[in-house]
Amino acid sequence: MVLKKADNIKCNEDIERERKKCSFDPLELTHLLDGGPEKTRERKEREYYFLSEPELRDTIPQDYLSHKEKYEEAVRKACTLFRKVTQLRDKGGDLEIFRQTLSGMLGSAILKDGNPFTLHYVMFLPTIVGQGTVEQQAEWMGKAWNCDIIGTYAQTELGHGTFIRGLETTAHYDPKTQEFILNSPTLTSYKWWPGGLGQTANFAVVVAQLHTKGVCHGIHPFIVQLRDEETHKPMPGIKIGEIGTKLGMNATNNGYLGFDNVRIPREHMLMKNAQVLEDGTYVKSPSDKLTYGTMMFVRVIILQDMAGYLSKATTIAVRYSAVRRQSELKPGEPEPQIIDYLTQQYKLFPNLAACFALRFNATWLWNMYNCVTAELEEGDLDRLPELHALSCCMKAVCTADAAQGVETCRLSCGGHGYMTCSSMPSIYGLVTAASTYEGENTVLLLQTARYLMKAWQQAVGGMTMTPTVAYLKQAVSGNNGPWSWENTTACIIRAYQQVAAGKIKMCAENMDKRIRGGICPEDAWNMTSVELAQCAEAHARAIMVDKFVESVLELNVSPALKTVLTQLSELYAVYWLLQKSGDFLMFSDVTAQDIASLQKWMEVLLSEIRPNAVGIVDGFDICDEILSSALGSYDGRVYERLFEEASKSPLNKEPVNVSFHKYLKPFLKASL
């Protein structure tokens with residue numbers, strides 16, 4: 001298997017011409033995204049290490065396997081994959097190996113329809129670290145880290161997902177035996193959705209309502225053995241299975257789980273924060289927000305994955321658009337590349353820009369997460385609400401944008417994008433799931449809105465503001481405008497902040513009016529919830545545009561690459577302004593005349609990005625084995641590869657299918 005681009009490879013002539021137009025060096029972009037030439041070398045070595053392994057290749061395309069076969073193949077591959085990961089780790093490899101093999105790039109190339117081990121690494125291990133005592137970490141981390149056990153994270157239930165206080169699974173403490181007794185009192189209390197739960201995991205962190213001394217103390221995490229470590233049969237009282245097929249991620253092995261008087265030792269409650277003593281006395285956590293850590297960690301990882309998935313989709317769509325020729329722009333002239341149509345550029349280039357917006361914002365949020373985590377270890381909780389609010393709204397906006405972006409890229413490939421060999425359907429299936437898992441997006445936006453309503457009251461009261469909501473001070477003081485408009489990123493960022501502040505203010509005022517009119521606060525919140533979700537989205541977009549522009553300004557790269565990245569940041573900012581033009585006309589300095597000027601600016605940016613589009617996606621440096629697309633390969637041989645994929649269909653293995661003689665011929669010969 002050859003993962004690097006061979007010098008003698010025969011490429012499509014159109015795509016070769018596109019590469020010659022490029023005004024910057026795509027390799028410089030690759031090094032920037034990887035973190036330097038050495039990081040690029042390490043990544044490519046890891047890719048070769050895994051993708052050259054025969055045991056990790058598909059012998060039959062996944063689409064032609066049954067649901068059962070897909071799962072069994074996924075387990076086989078996952079065991080091989082993490083055996084190789086462990087070998088690399090033991091040779092001195094870092095945690096980047098795990099991130100890469102669990103990511104939307106290398107990970108999804110090997111396990112195309114989901115990984116049954118993902119929650120073991122992404123939720124089970126981090127929860128033990130984040131919520132287990134030192135003694136509990138010593139007990140469990142070695143076993144989990146060495147894969148002596150495989151875990152999952154069981155929180156969501158059949159009847160409750162985002163409203164975790166409503167979870168019904170119970171854990172009653174028995175002081176006589178110093179055990180917790182877990183039960184699923186109703187059908188809706190069954191755990192439902194955890195990845196790997198169906199047939200893979202033998203342990204789980206289970207979130208249940210803690211009862212001790214006759215008092216319910218809310219949800220807490222417990223480590224529960226699900227299956228025998230030798231036979232893998234369910235433990236007594238454990239009712240477990242798989243939930244069935246889904247739109248995507250069908251090898252993830254999502255499962256259900258019920259409990260019938262399942263007893264676990266007291267020490268299996270994770271007690272870094274809250275505790276239950278031997279006599280049943282409950283010791284409260286110093287803060288109920290300390291349990292947010294794992295959840296926020298996963299949301300930051302999701303942002304990184306969304307950037308990866310969208311990069312794959314834009315690479316496929318841009319390369320295909322450079323090869324595909326269709327219709328006539330001018331009578332009698334050759335059919336143009338479809339990338340020359342402005343409408344195609346409008347579909348593709350804002351999503352190309354979004355790849356960078358998501359990457360840079362994920363990096364910024366990751367750095368903030370690490371800072372706040374360090375502060376938590378010192379007992380400083382001041383910035384935790386801000387981080388929680390940001391992780392909620394940015395997860396919601398980024399996953400929604402990525403799902404819409406992948407679908408737009410699929411549509412830009414016409415009918416060929418509908419074929420599974422394009423990889424667009426599988427990428428969409430993986431991306432759209434993220435709009436729901438780890439927090440349904442509307443609920444997350446409303447959680448951010450609660451923080452913003454408090455922040456508004458703090459701004460009105462003249463209190464000190466955290467950095468990401470400091471712009472509210474100007475809205476309160478009246479120093480928010482009007483200003484004369486200029487087509488600059490500084491003006492645009494200011495306008496985004498004006499829109500966010502205006503929407504936040506409007507929500508606060510509408511809530512206040514309703515409450516003063518005799519409506520209870522809970523009903524007032526529900527009646528204002530559409531506007532509240534919108535104000536949280538506006539806040540997220542203001543942050544994302546600001547951090548994208550700021551990140552590009554701070555880059556130490558060549559002038560040629562800086563120019564291209566600046567164009568992409570400007571396009572991202574202008575595109576979303578025009579998409580939300582009603583809000584900007586209502587709340588910012590933008591006028592109707594400015595909208596026309598911004599439209600022209602966007603069209604200029606599309607034309608400036610056009611010659612570099614293929615170079616930009618080449619800079620993502622996604623090898624063909626990871627891209628796994630007949631439409632998006634580096635050589636641009638779209639039509640040859642489509643025929644190669646068609647030849648793999650089992651229906652083409654024989655000239656006449658058995659159904660002809662069994663059904664079709666008798667039907668045709670019958671006198672109907």
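**Buried, exposed or in between?**

Student: Why does S628 count as partly exposed in this predicted model?

Tutor: S628 has a relative accessibility of 28%. Buried would need under 20%, and exposed would need over 50%. The value of 28% falls in between, so S628 counts as partly exposed.

Student: Where is S628 found?

Tutor: Look in the loop between helix 22 (624-627) and helix 23 (638-646). The phi of S628 is positive, about 50°, although this residue is not a glycine.

Student: What sign of phi do most residues other than glycine have?

Tutor: Most of them have a negative phi. Another one to look at here is E438, a residue other than glycine with a positive phi near 55°. E438 belongs to the loop between helix 12 (424-433) and helix 13 (441-460).

Student: And what makes E438 partly exposed?

Tutor: Try the cut-offs again: the relative accessible area of E438 is 24%, which is neither under 20% nor over 50%, so E438 is partly exposed.

Student: Okay, what about A560: why is that residue called partly exposed?

Tutor: Its relative accessible area is 28%, which lies between the 20% and 50% limits, so A560 is partly exposed too. You'll find A560 in helix 18 (residues 559-579).

Student: Which residues is A560 in contact with, leaving aside its neighbours within four places in sequence?

Tutor: Those are S23 and F24. Contact here asks for heavy atoms within 4.5 Å. Now take G255: the C-alpha atoms of A560 and G255 are 50 Å apart, and the two residues are 305 apart in sequence.

Student: How do you know that the span of helix 4 agrees with its number of residues?

Tutor: Helix 4 (residues 67-90) has 24 residues. You take 1.5 Å times one less than that number, which gives an expected span of 34 Å. The end C-alpha atoms are 34 Å apart, so the two values agree. Just after helix 4 comes G92, with a positive phi of about 110°.

Student: Which residues have the most contacts inside the largest nonpolar core?

Tutor: They are F356, L472, L598 and I616, in a core of 184 residues. Helix 9 (residues 292-323) gives the largest share of this core, 18 residues. There's also a second, separate core of 23 residues, which includes A171, F180, L226 and V276.

Student: What is L598 in contact with, leaving aside neighbours within four places in sequence?

Tutor: Among its contacts are W485, I492, V574 and L577.

Note on methods
Residues are numbered from 1 along each chain as its sequence is written. This is a predicted model: local features need pLDDT of at least 70, side-chain atom pairs count only at pLDDT 80 or more; totals for chains, interfaces and linings use all residues. Side-chain values use heavy atoms; hydrogens and water are left out. Helices (H or I, at least four residues) and strands (E, at least two) are DSSP runs, numbered from the N terminus. Buried means under 20% relative accessible area, exposed over 50%, partly exposed in between (1.4 Å probe, protein chains only). A nonpolar core is a set of buried Ala, Val, Leu, Ile, Met, Phe, Trp, Tyr and Cys residues joined through side-chain atoms within 4.5 Å.
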